Every structure is written in structure tokens, then in C-alpha cells.
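Reader: I would like a close look at one hairpin in this model. Please then walk me outward from there to the rest of the fold.

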Amino acid sequence: MGQFIDHDLALTPHLEADCGCDETRECLPITCEDEDDPVCQKYGCVKFARSRPVIEVQYACDVTSVGTHCRTHPNAITSFLDASNVYGSYEVTASELRTHEGGLLSLQEDPNDEGHIHLLPNDEENRECSHNNDKFCGKGGDIRAAEQPVLTSLHTLFANQHNRIAKNLALFMVAGTTKPSSKSHGVSTRR
Ligand code: HEM
């Protein structure tokens, strides 16, 4: 859950730096102290690319004639706890995730579960979660939705919860009341 909440608040962009074992403006390789470490044996260091900076300074803080400039990093998503990991931080993503009908999010039926569980829509730009690269990962409001299976399950749960509430709201509105009746409330607590 901590990871899910973090992915609502922060996404620090990477640099596309091709880092080696030399320290540069964008690379801070970790020196090897353990000769048995297989990464160290292979590369001679642990390669490390720094996060993309907002202000171009070399180290933590540079003192120049015009003042002190500290390296800070942008956040690529909304920093509010606003469920942007479910709905997207950008209009394009938000639109892609919706059916644009009945206030519902796009979900797909799981063929193995008689239509009870609705899975995330396919992320056609990501197959990394599939062993043979033959299946698409699930698409959520945050690009890391498929980073590991438990995280994907939380994205799936929240998207299903959205649709459950949206469907029940639609029922109440058709019934001409904003207050759920005890009967319809009973419906809302089921799958
Ligand atoms: C199986 C579990 C997890 C995996 C595989 C995982 C993986 C990752 C990866 C690959 C990154 C990017 C590192 C990079 O910049 O190169 C990352 C970043 C991060 N992770 Fe995790 N993580 C996991 C669990 C968690 C949990 C449980 C939390 C919090 C309770 C968490 C909090 C964070 C945070 C705050 C960042 C930095 C996000 C940013 O600003 O971009 N992670 N994680």
C-alpha cells in the first residue's frame, strides 16, 4: 500500500544517461568494496544514473558569484494525494482510461473468472510484466501500475471500486434521489 500511495504523489524522472564507472555530472557510480559481488566483477563498479535535475548544478549545491544553486528534482505527477495513480495526472491519460460513458473507467473481463473480476485495460506500450513478452501489462493512472503484481492488484481494486460506485450513483440518480436506500446500499456492498 505504501508503494501505491507513493505512486500517487511522486515520480522522479530519470536521465537517459549511459553511465559507466566514471563520475560525471549525470553519473555517480558506487565504488566496489566487495570483490565477490557479481555486479562489481562484471562492471568494476555499480553504475548509477542520477535523477533528472531542475537546476543544472554538478553536486548537491554549487556556490557561484550569483548565489548558491542546489540540485533539485522535478515531480512528473501531481504531488497531491488525489488518486492520480487511479485516474492519471494528465488529461491525455485520464481520457484514455475512461469509457466516456456512465462515468466508468475502462476495464476488461477476466476470461478465467466468469466476468466477476474486471482487469485493467491493456497498456499497449508495456509488455514488461509478461515472461515471453506476449501479453500487455495492465494500464493504470500511473505508469508504474505493473511494476509488481501486488501493486497491479491494488490498481485493479481501486478501478473496480470506482466503477462500482459510479454504477450505484447512476442507479440512485435514475431513482431520483441522492440518498441510497437500504436496498440499493445492500447492492453496493456486493461485487
Ligand atoms: C516489490 C516492491 C517494490 C519494488 C519492486 C519497487 C521498485 C522500485 C523502483 C524500480 C524504483 C525506481 C528506482 C529508480 O529510480 O531507479 C522505485 C522507487 C521508489 N519506490 Fe519502490 N518498489 C517497491 C516497493 C516500494 C514500497 C513498499 C514503497 C513505499 C512504502 C516504495 C517507495 C518508493 C519511492 C518513494 C520511490 C521513488 C519514487 C520517485 O520519486 O520516482 N517502493 N521503487
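Which residue in β4 is the bridge partner of Asp62?

Author: The bridge partner of Asp62 in β4 is His69. First, two ground rules. Residues are numbered from 1 along each chain as its sequence is written. The model is predicted, so local features need pLDDT of at least 70 and side-chain atom pairs count only at pLDDT 80 or more, while totals for chains, interfaces and linings use all residues.

Now the hairpin. Strand β3 covers residues 61-64 and strand β4 covers residues 67-70. The two strands pair in the antiparallel sense, over four bridges. Pairing here requires at least two bridges in DSSP. Helices and strands are DSSP runs, numbered from the N terminus (H or I, at least four residues; E, at least two). Two residues lie between β3 and β4 in the hairpin.

Move on along the chain. Ala83 sits in the loop between β4 and α3. Its phi is positive, about 60°, although Ala83 is not a glycine. Most residues other than glycine have a negative phi. Ala83 is partly exposed because 13 other C-beta atoms lie within 10 Å. The cut-offs are 20 or more such atoms for buried, 12 or fewer for exposed, and partly exposed in between, with C-beta atoms placed from the backbone. His100 also has a positive phi, near 65°. His100 is in the loop between α4 (91-97) and β5 (108-109). With 8 C-beta neighbours inside 10 Å, His100 counts as exposed.

Next, helix α5. It runs over residues 149-174, 26 residues in total. Its expected span is 38 Å (1.5 Å times one less than the number of residues). The end C-alpha atoms are 38 Å apart, so the two values agree. Leu151, His155 and Ala159 are the buried residues of α5. An α-helix has 3.6 residues a turn, so residues three or four places apart point the same way. The buried residues of α5 pack against α1 (2-9), α3 (84-87) and β8 (137-138). After α5 comes Gly176, with a positive phi near 75°.

The largest nonpolar core holds ten residues: Phe4, Val86, Tyr87, Leu97, Leu105, Leu120, Ala145, Ala146, Leu151 and Ala159. At least two residues of this core come from α3, and at least two from α5. A core is a set of buried Ala, Val, Leu, Ile, Met, Phe, Trp, Tyr and Cys residues, joined through C-beta atoms within 7 Å. Ala159 touches Val86, Leu105, Leu107 and Leu120, leaving out residues up to four places away in sequence. Contact means C-beta atoms, placed from the backbone, within 7 Å.

Just before α5, Gln148 lies in the loop that follows β8. Gln148 is exposed because it has 11 other C-beta atoms within 10 Å. From Gln148 to Asp37 is 111 residues in sequence and 25 Å in space, C-alpha to C-alpha.

Gln148 is also one of the residues around the ligand. The others are Gly2, Gln3, Asp6, Ala10, Leu11, Thr12 and Glu147. Each has its C-beta atom, placed from the backbone, within 6 Å of the ligand. This shell has two nonpolar, four polar and two charged residues. Ala, Val, Leu, Ile, Met, Phe, Trp, Tyr, Cys and Pro count as nonpolar, Asp, Glu, Lys and Arg as charged, and the others, Gly among them, as polar.

Last stop: Glu23, in the loop between α1 and β1 (30-31). Glu23 is partly exposed, with 14 other C-beta atoms within 10 Å.

Methods. Contact = placed C-beta atoms within 7 Å.
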